[in-house]
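Take a walk through this chain, starting with its aromatic rings and ending with its helices. Keep the sequence and the model side by side.

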Amino acid sequence: MKTRIVALAEAALHSALIALTAYYFFLPGLSVLRDLTDPALARPGVPKRAVDLHRSLTPRIEHWARERIASGRASSVPLYDVPATEWPLFTAVFYLMATEQLEQQIPDASERPMTYAASAVSAARDLLIDPSHHSWVKTHWGEDYLHRQNFFFRSLLIAGLTSHEALTHDGSSLPMLRDQVETLSASLDASRLGLMNDYPEECYPIDVLAGIGFIRRADAVLGTDHSAFAARALRAFEGSMTDDLGLVRFRVDLPDADEVQPARGIGMSWSLIFAPDLWPERSREWYATYEHHFWQDRTWAAGWREFRRGTWPEWTFEVDAGPVADGFGTAANAFGIAAARRNGRFDHAYTLSTQLVATAWPLPDGTLLSPRTVSQAADAPYLGESGILYFLTVPPKEGVAIVTGGSRPWLVWLSLATYFAISFAMVFAVGKRIPSLRRRLCFDAASSAGAEHHQ
């Protein structure tokens with residue numbers, strides 16, 4: 001009897017291992033195969049991965065946002081703890097912008113996000129305007145934080161509130177949105193060089209450029225026209241205001257815009273999502289220069305570098321870039337998917353997207369395990385997934401030339417091999433144990449029957 005119990009326990013353990021292997025490796029491998037054959041990765045359209053991710057992420061975003069607002073813990077996070085201060089806001093903004101893009105691109109009205117995501121959209125907006133989530137910038141800038149410098153934070157408000165109004169048309173976001181658009185654009189227009197600080201003594205031109213893009217997006221829901229403002233704003237990104245390659249500098253010191261860091265991968269990828277809508281010709285020039293100096297193909301992977309060769313270690317970690325592996329910047333390539341799609345460069349978008357979907361580790365419940373792991377579990381657990389959702393749903397700007405092609409670097413095939421190799425190895429290992437288990441169970445059954453007959 002004891003032998004039978006041990007054998008049954010071992011059989012249960014093996015069944016559990018097979019189930020876990022199927023859940024964490026085999027089924028994710030099948031999902032990756034599906035994604036790699038999705039034509040929307042290689043040309044304009046909405047990838048199936050984005051649709052599935054939005055449906056799985058929506059209830060989680062709503063619960064997280066509501067719980068975080070109710071807890072009030074955002075009011076007591078450390079001032080310079082970026083994951084605790086900025087990342088929750090970025091999560092909400094990415095989710096709102098991605099939802100707006102899906103709503104615009106899905107042709108079947110019954111399948112559009114607002115048929116199931118209205119509550120999550122409201123929760124994301126509520127987190128964005130929640131006073132406790134403004135505590136850190138209020139500490140930086142004082143009570144007048146919504147009308148004094150603070151460019152990055154105010155531009156995020158504009159981005160999220162614009163998407164909320166575009167999705168709901170309920171007018172509830174319009175007063176704050178209009179105030180921020182008009183005051184921020186007026187302050188930037190009146191500045192000497194067309195730049196403003198994000199934080200005290202810290203100016204990031206890449207954020208200013210994106211903020212100008214957000215202001216122009218807001219025109220569509222406000223009924224305003226900031227095209228002349230945007231045309232004048234180019235002064236901050238041309239001539240001596242650029243780095244030695246003519247690209248948007250990552251960071252400068254005001255008041256004279258002295259360069260602190262030249263163009264970087266994450267900054268150019270972020271800027272090039274918005275540049276085509278602001279200055280199409282300049283965007284084409286920037287993209288070509290960025291490609292020439294920052295795109296690399298190492299055979300095992302292809303994509304954007306974070307730093308120029310010889311200026312930074314090829315293997316490192318940097319707070320804005322994330323892990324840098326063989327020169328590749330993690331954030332630069334994630335943001336780079338959106339930049340490539342917006343500029344019509346689906347040869348780059350396809351190459352980057354295949355590597356992303358292959359390494360994202362998609363679980364059957366919709367979770368992308370790799371992005372979830374690198375997000376901040378306590379304060380912004382869904383940042384990585386909401387970012388990917390936004391990047392994959394960015395459409396090309398109307399009128400840009402569409403370039404197709406691209407490749408699947410070895411990283412794609414290595415990831416696939418890992419999913420299926422582990423799956424088959426587990427099946428093989430368990431399969432080898434089945435005959436032994438059967439013999440032990442049969443022997444125990446025969447022994448029990450013999451003992452009963454003898455009695």
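**Rings, helices and contacts**

A search of the whole structure finds 32 aromatic pairs. Rings of Phe, Tyr and Trp (its six-membered ring) pair if their centres lie within 6.5 Å; planes under 30 degrees apart count as stacked, over 60 as edge-to-face and the rest as tilted. One pair is formed by Phe94 and Phe335, edge-to-face, at 6.3 Å centre to centre with 70° between the planes. Phe94 belongs to helix 3 (residues 82–105) and Phe335 to helix 12 (residues 330–342), so the pair ties together parts 241 residues apart in sequence. Helices (H or I, at least four residues) and strands (E, at least two) are DSSP runs, numbered from the N terminus. Phe94 and Phe335 are both buried. Buried means under 20% relative accessible area, exposed over 50%, and partly exposed in between (1.4 Å probe, protein chains only).

This is a predicted model: local features need pLDDT of at least 70, side-chain atom pairs count only at pLDDT 80 or more, and totals for chains, interfaces and linings use all residues. Residues are numbered from 1 along each chain as its sequence is written, and side-chain values use heavy atoms, with hydrogens and water left out.

Now turn to Phe250. Both Tyr204 and Phe250 are buried. Their ring centres are 5.6 Å apart and their planes stand at 80°, so this pair is edge-to-face. Tyr204 sits in the loop between helix 7 (174–190) and helix 8 (205–222), and Phe250 in the loop between helix 9 (227–233) and strand 1 (251–253), so the pair ties together parts 46 residues apart in sequence. Phe250 has a charged partner too: Arg264 lies over the face of the ring, at 4.2 Å from its centre. A charge sits over a ring if NZ of Lys or CZ of Arg is within 6 Å of the ring centre and within 35 degrees of the ring normal.

Which way does helix 3 cross helix 6? The crossing is left-handed, a term used if the near helix is turned anticlockwise from the far one by less than a right angle (right-handed if clockwise). The axes of helix 3 and helix 6 (residues 151–168) come within 9 Å and cross at roughly 35°. Axes are lines fitted to C-alpha atoms, for helices over the stretch in contact, and angles run from 0 to 180 degrees between N-to-C directions. On helix 3 the contact residues include Leu89, Val93 and Leu96; on helix 6 they include Phe153, Leu156 and Gly160. Contact means heavy atoms within 4.5 Å.

Just before helix 3, look at the loop from helix 2 (48–71), where Val77 is found. Leaving aside neighbours within four places in sequence, Val77 touches Arg68, Ala84, Thr85 and Asp379.

Helix 13 (residues 346–359) has 14 residues. From first C-alpha to last it reaches 19 Å, close to the 20 Å expected at 1.5 Å a residue; that expected span is 1.5 Å times one less than the number of residues. Of its 14 residues, 13 are buried. Trp361 follows helix 13, with a positive phi near 60°. Ser415, in helix 16 (residues 410–454), is in contact with Ala358 and Thr359, its neighbours within four places left aside. Ser415 is buried, at a relative accessible area of 11%.

Step back to the whole chain. There are 16 helices and seven strands. Of the 455 residues, 51% count as buried.
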